[in-house]
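Student: I would like a close look at a single part of this model, with its surroundings described carefully afterwards.

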Amino acid sequence: MPVQIPDDSDFSSFKDQCLSCDGWVSRYNKGGVTVWCREEESRTVQKVKMRIVCKDVTAETLYDVLHDTSYRKKWDTNMIDTYDIGRLTANADVGYYSWKCPSPLKNRDFVTMRSWLPLGNDYLIINYSVKHPQHPPKKEYVRAVSLLTGYLIQSNGASCSTLYYLTQMDPRGSLPKWVVNRVSQFVAPKVMRKIYKASLKYPDWKRKHNPSLKPWMFPEQNALPCISVSELNVQRADSLENIDESGLSEDKTHHSEDEET
């Protein structure tokens, strides 16, 4: 399938999903974080949506934190590796991301096309999985598939903002039910709080680390190699190996402190 760079209607549709209440079931609501789930046609692919109100953090700062790969390595302790592969347009690129899953589950990774758009008081970042010929699946990871993942940041005034995170992901594995429950009850809220805490510290950190370098805001600063959309294909889940981890027991897992609320 050919890859298409999102247009204004795609961003508008994503925003509508973030703000809509129809069909979403609340699974968690505590400490300023709300998590909703929406089961789709496939039992293995769920849509999860989260929201957190970030006091003393501007929408612009949240937007910078979510873009800044150098800073992500400081706060995202579930991340194994991330790097940019190349740029498609002034507001679209391709990147790689791998993350730790609780043992004995296998770790996952993605190759995604990411696109972003500042829109008035809103900022949007969305991605979906693509295939790049130089970045095939690795034997030590399960190549997961992002059908649609992204962030909506809304400004609530001079020094307050609301962050929405929505993801529809195929983990390429028949996961046990306890994993799905744990994601909505523990992992997802923790991630949202981490982003919030990281955003509070970002302005001080950025002042000491290339304060004027923001290629997501200033495309002329982008030094990534240019790649053509013709080099990419949409990553279809059915073309990847599907592993069965449904029989793995929760009492055999090793949970990190980062998963606790």
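Student: Which side chain does Lys206 meet in a salt bridge, and at what N to O distance?

Tutor: The partner of Lys206 is Asp68, and their side chains meet in a salt bridge at 3.5 Å, N to O, where a salt bridge is a side-chain nitrogen of Lys or Arg within 4 Å of a carboxyl oxygen of Asp or Glu. The pair links distant parts of the chain, since Lys206 belongs to helix H4 and Asp68 to the loop between H2 and helix H3 (69-75), 138 residues apart; helices (H or I, at least four residues) and strands (E, at least two) are DSSP runs, numbered from the N terminus.

Before going further, the basis should be clear: this is a predicted model, in which local features need pLDDT of at least 70 and side-chain atom pairs count only at pLDDT 80 or more, while totals for chains, interfaces and linings use all residues. Residues are numbered from 1 along each chain as its sequence is written, and side-chain values use heavy atoms, with hydrogens and water left out.

Both partners of this bridge are enclosed: Lys206 is buried, with a relative accessible area of 8%, and Asp68 counts as buried at 5%. Here buried means under 20% relative accessible area, exposed over 50%, and partly exposed in between (1.4 Å probe, protein chains only).

The neighbouring position in sequence offers another bridge, in which Arg207 pairs with Asp204, the closest N and O atoms being 2.2 Å apart. These two residues both lie in helix H4, three residues apart, or about one turn of the helix. Arg207 counts as exposed at 55% relative accessibility, and Asp204 as partly exposed at 46%. The whole structure holds seven salt bridges, and one of them joins the side chains of Arg143 and Asp109 at 2.8 Å, N to O. Because Arg143 lies in strand E8 (residues 142-143) and Asp109 in strand E6 (residues 108-119), that pair ties together parts that are 34 residues apart in sequence. Arg143 is buried at a relative accessible area of 6%, and Asp109 is likewise buried, at 0%.

Helix H4 covers residues 177-207, and the loop between H4 and strand E12 (233-234) contains Pro215. Asn210 also lies in the loop between H4 and E12, and its phi is near 45°, a positive value in a residue other than glycine. Asn210 is exposed, with a relative accessible area of 52%. Pro215 touches Gln221 and Asn222, not counting residues up to four places away in sequence, with contact meaning heavy atoms within 4.5 Å. Pro215 and Ala90 are 9.1 Å apart in space, C-alpha to C-alpha, and 125 residues apart in sequence.

On the other side of the bridge, Asp68 brings us back to H2. Eight of the nine residues of H2 are buried, so this helix is largely enclosed by the rest of the structure; among the buried ones are Leu62, Tyr63 and Leu66. In the protein, confidence is highest in helix H2 (residues 59-67), at a mean of 97, and lowest in strand E13 (residues 243-244), at 57, where pLDDT is the predictor's confidence in each residue, from 0 to 100. Leading into H2, the loop after strand E3 (46-55) holds Asp56, which has a positive phi of about 65° although it is not a glycine. Asp56 is exposed, with a relative accessible area of 61%.

Aromatic rings complete the description. Rings of Phe, Tyr and Trp (its six-membered ring) pair if their centres lie within 6.5 Å, and planes under 30 degrees apart count as stacked, over 60 as edge-to-face and the rest as tilted. By this rule the count comes to eight aromatic pairs. Tyr63 and Tyr123 form a tilted pair, with 4.6 Å centre to centre and 35° between the planes. Tyr63 lies in helix H2 and Tyr123 in strand E7 (residues 122-131), so the pair ties together parts that are 60 residues apart in sequence. Both Tyr63 and Tyr123 are buried. Elsewhere, ring pairs link Tyr71, Tyr202 and Trp205 into a cluster.
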